[in-house]
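Q: Got a minute to go through this one with me? I'd like to talk about how the helices pack.

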Amino acid sequence: MKGLIIKDIMCLKKQLTIFAIVLIAVAAASIMFAISSKCGNIAIGNAYMLEEEQFGELDIVGLSTEIMVFFMLIPPALLADLFFVFDCDKKAGFYKVSASLPVSTEKRLLARFLTIYTLAAISAGTDILIAFVLSLITDVIKFKDFLGIIVSVISVISIYGALVIFFCILLGYEKDRYVQLLAIFTMLAGVVLINFNKIKTIIHGIALNDDRTRTINMWGPIDFIKEKSYILLIAALAVSVCSYFASCFIAKRKRGVI
């Protein structure tokens, strides 16, 4: 099983190279943003918008946090595309011989799911390092909030990876172009269903041009990501477990061909 995990990670060797390059760029860009928002052009712009009452303090903090979330999202997103592993297996014809390996279907699938969390751990480690540096520079977000953002981002990426594995097993290698779309659509549908009332309130506030209601609800997701990341972590674990057992069931019905 260890060999299968190494094989999957080696399939992502190109992504790991790109990850290292982009990581340096993201670290540099995020540090420059943090410095500028404290004593540079962004800080001057924020002060001007506060003075002219174009934005409130809550809006500026929320927008800055949103940008930081974007920075935290880039490194994990580069390592989240496990679809590439399935594509490599398809091109190499590995799935045709995988069932003959002296490794059970459950262990082969477990190895692929462990690949998700191995990559997630690498991504989390790099994000935490960047967050620690940023927390020393900026006063907008505390290191504790950075950790909440990182846990939320890694959880979302893990959910995506688990769904990609499930749909790849369900649809097969021939339907590869639909796998990623289905994974994203499933996540969006879940978010809409869980937050249906909140989304309706936001739309209602926008329709009535209610600035107070719109502002509170607009930055609500950011507060959720920072303060209630444990919910997304639990959701990621639940989705991964459900996806694993469902994938095992389907793979066995397909005689272990994965």
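A: Sure. One term before we start: a salt bridge here is a side-chain nitrogen of Lys or Arg within 4 Å of a carboxyl oxygen of Asp or Glu. Also keep in mind that this is a predicted model.

Q: OK, how many salt bridges does a search of the whole structure find?
A: One. Lysine 252 pairs with glutamate 106, and their closest N and O atoms are 2.3 Å apart.

Q: Which helices do lysine 252 and glutamate 106 lie in?
A: Lysine 252 is in helix 13 and glutamate 106 is in helix 7, so the bridge ties together parts that are 146 residues apart in sequence.

Q: And why would side chains like that pair at all?
A: In general, side chains of opposite charge can pair when their charged atoms come close.

Q: Is lysine 252 buried, exposed or partly exposed, and what is its relative accessible area?
A: Lysine 252 is partly exposed, at 49% relative accessible area. Glutamate 106 also falls in the partly exposed class, with 26% relative accessibility.

Q: Back to the helices. At what angle do helix 7 and helix 13 pack?
A: About 150°, with the axes 10 Å apart; helix 7 covers residues 105-137 and helix 13 covers residues 229-253. Angles over 145 degrees count as roughly antiparallel, and that is therefore how these two helices run relative to each other. Helix 7 makes a right-handed crossing with helix 13.

Q: Which residues make that contact?
A: On helix 7 they include Leu109, Leu110, Phe113 and Tyr117, and on helix 13 they include Leu237, Tyr244, Cys248 and Ala251. Glu106 and Lys252 are also among the contact residues. By class, the contact of helix 7 with helix 13 has nine nonpolar, four polar and two charged residues.

Q: Switching partners: how does helix 1 pack on helix 7?
A: Helix 1, residues 2-11, packs on helix 7 at about 50°, with the axes 9 Å apart. That makes helix 1 oblique to helix 7, and their crossing is right-handed.

Q: What meets what there?
A: Leu4, Ile5, Lys7, Asp8 and Ile9 of helix 1 meet a set in helix 7 that includes Arg108, Arg112 and Leu114. By class, this contact of helix 1 with helix 7 has five nonpolar, two polar and four charged residues.

Q: Last thing, threonine 126: buried or exposed?
A: Threonine 126, which is in helix 7, counts as buried at 14% relative accessibility. Apart from neighbours within four places in sequence, threonine 126 contacts Phe19, Leu23 and Pro75.

Terms used
Residues are numbered from 1 along each chain as its sequence is written. This is a predicted model: local features need pLDDT of at least 70, side-chain atom pairs count only at pLDDT 80 or more; totals for chains, interfaces and linings use all residues. Side-chain values use heavy atoms; hydrogens and water are left out. Axes are lines fitted to C-alpha atoms, for helices over the stretch in contact, and angles run from 0 to 180 degrees between N-to-C directions. Helices (H or I, at least four residues) and strands (E, at least two) are DSSP runs, numbered from the N terminus. Angles under 35 degrees count as roughly parallel, over 145 as roughly antiparallel, 65 to 115 as roughly perpendicular and the rest as oblique. A crossing is left-handed if the near helix is turned anticlockwise from the far one by less than a right angle, and right-handed if clockwise. Contact means heavy atoms within 4.5 Å. Ala, Val, Leu, Ile, Met, Phe, Trp, Tyr, Cys and Pro count as nonpolar, Asp, Glu, Lys and Arg as charged, and the others, Gly among them, as polar. Buried means under 20% relative accessible area, exposed over 50%, partly exposed in between (1.4 Å probe, protein chains only).
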